[in-house]
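Visitor: I would like a close look at a single part of this structure, namely its aromatic side chains. Please set that part in the context of the whole chain as well.

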Amino acid sequence: MAGLAVLSTAVAYVLYFKILESAGTTNLLLVTLLVPVSAILLGSLLLNETLEAVHFVGMALIALGLSAIDGRLWGRRVTAKA
């Protein structure tokens, strides 16, 4: 059991750093903003929780924030300063 846990953790770290290297820090950290959205949707689908208007407003605000940070939809290019 411990070997499986250590192996899984090692694979997760290698995968994380490969994604970090190819996508960059900003794009990698944008994924953390999707956690509340997936939690709301999974709660609705699996636990039969009710979705209210405030949930949809929150998800829309998160989508707006993600698109503003990423910049691809708005036609601006994000450049990293070294």
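Guide: What follows begins with the aromatic side chains and then widens to the surface and the whole chain. The model is a predicted one, and every value below is computed from it.

A search of the whole structure finds 2 aromatic pairs. In one of them, Y13 and F17 are stacked, with their ring centres 6.4 Å apart and an angle of 20° between the planes; the stacked label applies because planes under 30 degrees apart are counted that way, and the centre distance is accepted because the limit for a pair is 6.5 Å. As for the backbone, Y13 and F17 are 4 residues apart in helix α1, which covers residues 2–23, so about one helical turn separates them. The other pair joins Y16 and F17, and here the arrangement is edge-to-face, with 5.2 Å from centre to centre and 80° between the planes; that label follows because the angle is over 60 degrees. F17 takes part in the stacked pair with Y13 and in the edge-to-face pair with Y16, and Y13, Y16 and F17 together form one aromatic cluster.

The exposure of two cluster members can be stated as well. F17 has a relative accessibility of 47% and counts as partly exposed, while Y16, with a relative accessible area of 37%, is also partly exposed. Both labels apply because partly exposed covers the range between the 20% limit for buried and the 50% limit for exposed.

Elsewhere on the surface, V57, L61, L64, L73 and W74 make a nonpolar patch of about 590 Å². Of these residues, L64 lies in helix α4, which runs over residues 53–70, and L64 is partly exposed, with a relative accessible area of 47%.

The wider setting is a chain with 4 helices and 0 strands, which reads α-α-α-α along the sequence. Its radius of gyration is 17 Å, whereas a compact globule of 82 residues would have a value near 12 Å, and the C-alpha trace spans about 45 × 40 × 15 Å along its principal axes. Of the 82 residues, 12% count as buried, and the accessible surface comes to about 6800 Å², with 71% of that area belonging to carbon and sulfur atoms. Finally, among contacts between residues at least 6 apart in sequence, 40% join residues at least 24 apart.

Note on methods. Residues are numbered from 1 along each chain as its sequence is written. This is a predicted model: local features need pLDDT of at least 70, side-chain atom pairs count only at pLDDT 80 or more; totals for chains, interfaces and linings use all residues. Side-chain values use heavy atoms; hydrogens and water are left out. Rings of Phe, Tyr and Trp (its six-membered ring) pair if their centres lie within 6.5 Å; planes under 30 degrees apart count as stacked, over 60 as edge-to-face and the rest as tilted. Helices (H or I, at least four residues) and strands (E, at least two) are DSSP runs, numbered from the N terminus. Buried means under 20% relative accessible area, exposed over 50%, partly exposed in between (1.4 Å probe, protein chains only). Patches are made of residues with over 30% relative accessible area and no salt bridge: like charges are joined within 9 Å, nonpolar side chains (Val, Leu, Ile, Met, Phe, Trp, Tyr) within 5 Å. Accessible areas come from the Shrake-Rupley method with a 1.4 Å probe; for residues, only the protein chains shown count as cover. A salt bridge is a side-chain nitrogen of Lys or Arg within 4 Å of a carboxyl oxygen of Asp or Glu. The radius of gyration is taken over C-alpha atoms; the globule rule is 2.2 Å times the number of residues to the power 0.38. Contact means heavy atoms within 4.5 Å.
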